[in-house]
Every structure is written in C-alpha cells, then in structure tokens.
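The following text goes through one protein chain and its ligand step by step. Please keep the sequence and the coordinates at hand while reading.

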Amino acid sequence: MLIKPSDAAAWISCPRRAWLDKHQPTAYEPDAFNQLLSDRGLAHEAAMLAKLENQFPVAQATSFEHTQALIQQGVPVIYQGRLVDEHQGLVGYPDFLIRQENGQYQSADAKLSLSENKKAIQIQLGIYRRLMGNGLPAMVFLGDGRTALLGDEVELLVDEFITSMRALLELEQQPPVRYSHSKCRICPYEAHCRPEFEAREDISLLYGVHGKAADALTEAGISTISKLAASTIDTVPDVPYLKGSKRKYRAILQAQSFLSGKVFPLDKVALPEGTWIHFDIEDNPLTRTRERHVYLWGFLLPAYAKDNFDYVWTDDETSDYEGWLGFLQKVEAYRSLYPSIVLAHYSNHEKATIRKYAERYAMESHATVTWLLGQDSPLFDIQNPVLNCLVLPLQGYGLKDICKHPDLVNFQWENQESGSQWSVVQFNRFLSETNPRERQKLKTEILGYNRDDVVATRHLELWLRNFFD
Ligand code: SF4
C-alpha cells in the first residue's frame, strides 16, 4: 500500500477515515454537490491544459515508465504524469510536469481553490515535490487565475502526514476516534462507525461536547452519556472545551435530552414585537469571481400562507447588483407597508451576506443598509433564542434538524431531497440549461425550496411562541 497525495483530505478530516480508506475501502457515489465540484475541477484542469497547449508541445503520460521516457526525451509539458517512489512508499499523479530551462521538471496542479494555504493542497503538492526530488517548488494554478508556488515551507506538514500515514498503514485495528457531527454525517463510513459510538454511548455524540472534552471526561470516570446525564455541575470537572458551570449544565441537560428525547428550557424565549417577515437567501459560491452571488432573496409575508411568498431572483451573476438593489427596494417597500417589521432569518448567514454586499458595492452608508445593519436593525436571528434558551434532543441545531424532527416543529419540506447544496446544484443546472421550459422548471423547484425554508422559520416561530414564550 502506497501513500497517495489524495489521502491527505481523509487524513485531515479523521485518522479513522484515512485508515478505512486504506484497509477497508468502501465504494460510494459522490453526492450531486461534490459531483458538481469535481466537474468544475476537471473543467479548470482542461482550461489549464488548453492554455499550456497554446504555448508548448504537451504529451500525455500513460504509465510510470512512459512518464520517465517523456522526461528523458525532454518533452516541454507532460500531462497526467505518473510518479512512484517505492522506497518512500509514495505515488502521485500531478496534472502537469513542466520542463524548466535547466532541464528539470516542475510539478503543477490545477485547483479550483482560491488559496494555496489549504492543508490538503500543501500536502498534495509537497508530495509531488518529494517524488520529483529536485527541490523545485510546486506550482498551483488556482481557481482565480493566480499561480502560487509551494516550496520548503510545506516540508514539515508533509513529514507529519507521511509519518502519520505510515503508522496508520501498519495499524491492524482501526484507530479509536470520537464522533464529530460536522465530519461524520457527511462521511461514507458513517454507517460503519455510528453503531459503535451509540453502543458505547460515546459522549462526543452530544451536541456541544468536543472530542477532547469527551477524552478528558472519560479519564475522570464520566465515560458514557448515561454517566454524564447522572452527573451534577459539581461532579463534572473543568476540562478543555467544557469549562464553567453554564457549559457543564448544558452538557448534562444535553445528555438527559439525548436519552429521554425531552426538551429542556434554559430560559424564557423572548421574541421581538412587530410584523414578522421571514427571510432566507440562496447563493452560489461557484461564480467566475468566486464572490457569492445571491440568486434568490426570499420572503414570507403576512398572512404567512404559501402564496404570501415574495422574492427577488436574478438569472446569473451579471445581474448581481440588480438583485441586491431589488432586495433593498423590497425591504423598503415592506417598511413603508408595516409600521415596524422584524426580518426573521435562521443563522447569521443573511446578516453577514448583507454586510458583504454593502462592502462589495461600497454602500455601507446607504440609508437602507445602515438601517438593516445598525442599532435598530429589523433583522432577527431566530437561531439565537433556540441556542440560548433550549436544549433539544438533537445533534445539530440547524433549521432542518429542528423543523423536520417529528417531536419538535415537525414541518416537512415538499421536496425531501432539497437543501442548500441541492439548491446550488439546481441553480448551476439552470445556468447551463438552454431549453426555456427546463430552465423554468428548475427555477420553480428552487423557488419552492426557498419558500419552504421561510415557511419553516414561520413554523419555528409559532412553535417557540406556543411552547416557550
Ligand atoms: S464516520 Fe466519523 S469517525 Fe468514522 S471514519 Fe468517518 S469521520 Fe471518522
């Protein structure tokens, strides 16, 4: 078993994932969003290839031996070179090997990323350097058109990766790890790992309990969710990521909630007075400039039925500014219609996006923007009272986690598959679709999803008012 540059992504995410990839690999289909990213990556690589072909003769390598033969021949650019060093236990396929004036070859890769400072990129390019063994820095053709160089500064990280991967290759049993909601729920090995976490009532399954806190609590004798649920703030020691009585109390209640399915109110839920308008945006990160383009600014107005859905839509990023102005005009129109409005949204994303747009178009002093972002802002993040006032039987406190749960809000989206990444995929299909009917169909689906998002926050508001206000 050889170490590949592409092992870096799994290694950074979770050592067990890197071990399973090597010892018990599972075949899995990438989801539509990851497939979209992969397709974009291939298109970027093809564009770089075309650019190089315009300047130099390019030969495509077909094997390790063929790569060496092309190097011996001094071919200016070798595409998809194959490099192996069995002594170091490394294998890698850089997108390009580019011959320098002195005859040495420099490895280069096309990456959609805008930054060369990502660990996975640094390890990958660092491995290519090791395989070339000539000390030349590796090149990255980044998604924004920049070319970056990675040299000796990545060596320490590459050493750490190789040493750790060698140890994982020799390990006969999978390494012990803790649960991480953000990583495990999107991991292809979730079905393999989860039963084990549940069987041993791993404390890291609890929302807000970090793996390092779980390790320290285990050392202190609190090794299961049941034991934590039976503890008091005085018997739980201060441990990393779990210090102070407030956090400990919350963790104990989270353990009790996990076991019983009960909701524990921590405080009274205070919701602002006024006319509520529910607000949610959909944005596309895969733009030419990589500045997120909000293609849909969606609202649910009184009387909160499905046909009270209102929105600003733009067909592509060339209309980004018009969409932003349309949004500002809408909120001003609502403001004059209702004496005091509350623009309710879930999480900080909407407010942060308004701030970014104001910066993008140098409109920080615009009257509507200063109102939206100022002291008397109508924006209200409904996630705050949820996080501050309630302990819920959930592992994540996202809108869908709370709303879809049958014992909580119990609101179901019409399209079960929809989600924010789903919306990005649909919008990119919309962009590339030429058939007007198909385009309209895709747009209608995206609008339906966004409408359900704002209807969901309305249901969440009612649930909070009914049970906790
Ligand atoms: S499910 Fe979680 S613990 Fe298991 S391999 Fe994946 S990320 Fe690691």
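Which helices each supply at least two residues of the shell around the ligand? In this predicted model, they are α2 (15-23), α7 (181-184) and α8 (190-199). Of these, α2 gives the largest share of the shell, 3 residues. Named in full, the residues that surround the ligand are Ser-13, Cys-14, Arg-16, Arg-17, Leu-20, Val-177, Lys-183, Cys-184, Cys-187, Tyr-189, Glu-190 and Cys-193. Sorted by class, 7 of the shell residues are nonpolar, 1 is polar and 4 are charged.

The location of the ligand can be read from the domain bounds. The assignment divides the chain into domain 1 (7-170), domain 2 (181-262) and domain 3 (275-468). The ligand lies between domain 1 and domain 2, because both of them give residues to the shell around the ligand. Taken over C-alpha atoms, the centres of domain 1 and domain 2 are 38 Å apart. Their contact involves 7 residues of domain 1 and 5 residues of domain 2. On the side of domain 1 that touches domain 2, the largest share again belongs to α2, with 3 residues. That side of domain 1 is made up of 3 nonpolar, 2 polar and 2 charged residues. Helix α2 thus appears in both lists, with the largest share of the ligand shell and the largest share of the domain 1 side of the contact.

The chain as a whole comes next. It contains 18 helices and 15 strands, and its C-alpha atoms fill a box of roughly 75 × 60 × 40 Å along the principal axes. Of its 469 residues, 32% are buried. Counting contacts between residues at least 6 apart in sequence, 62% join residues at least 24 apart.

Helix α13 (residues 349-360) can be checked against its expected length. At 1.5 Å a residue, its 12 residues should span 16 Å, and the end C-alpha atoms are 16 Å apart, so the two values agree. Which residues of α13 are buried? They are Glu-350, Ile-354, Tyr-357 and Ala-358. These four are on the same side of α13, because they cover an arc of only 100° around the axis. Their packing partners are β10 (275-284), α12 (320-337), β13 (341-345), α14 (367-373) and β14 (379-381). Ala-352 and Glu-359 are exposed, on the face of α13 turned away from its buried side. Just after the helix, Ala-362 takes a positive phi of about 45°.

Some further backbone details are found in loops. Pro-302 and Ala-303 are joined by a cis peptide bond, with omega about 10°. Ala-303 sits in the loop between β11 (293-300) and β12 (309-313).

Gln-80 is not a glycine, yet it has a positive phi of about 55°. Its place is in the loop between β2 (77-79) and β3 (83-85). Is Gln-80 buried or partly exposed? Gln-80 counts as partly exposed, because it has 16 C-beta neighbours inside 10 Å.

Asn-410, also not a glycine, has a positive phi of about 55°, and lies in the loop between α16 (399-404) and α17 (420-432). With 12 other C-beta atoms within 10 Å, Asn-410 is exposed, since a residue with 12 or fewer falls in that class.

Key:
Residues are numbered from 1 along each chain as its sequence is written. This is a predicted model: local features need pLDDT of at least 70, side-chain atom pairs count only at pLDDT 80 or more; totals for chains, interfaces and linings use all residues. A residue is near a molecule or strand if its C-beta atom, placed from the backbone, lies within 6 Å of it. Ala, Val, Leu, Ile, Met, Phe, Trp, Tyr, Cys and Pro count as nonpolar, Asp, Glu, Lys and Arg as charged, and the others, Gly among them, as polar. Domain bounds come from an automatic or database domain assignment. Two residues are in contact if their C-beta atoms, placed from the backbone, lie within 7 Å. The expected span of a helix is 1.5 Å times one less than its number of residues. A residue is buried if 20 or more other C-beta atoms lie within 10 Å of its own, exposed if 12 or fewer, and partly exposed in between; C-beta atoms are placed from the backbone. The arc is that of the directions from the helix axis to the C-beta atoms.
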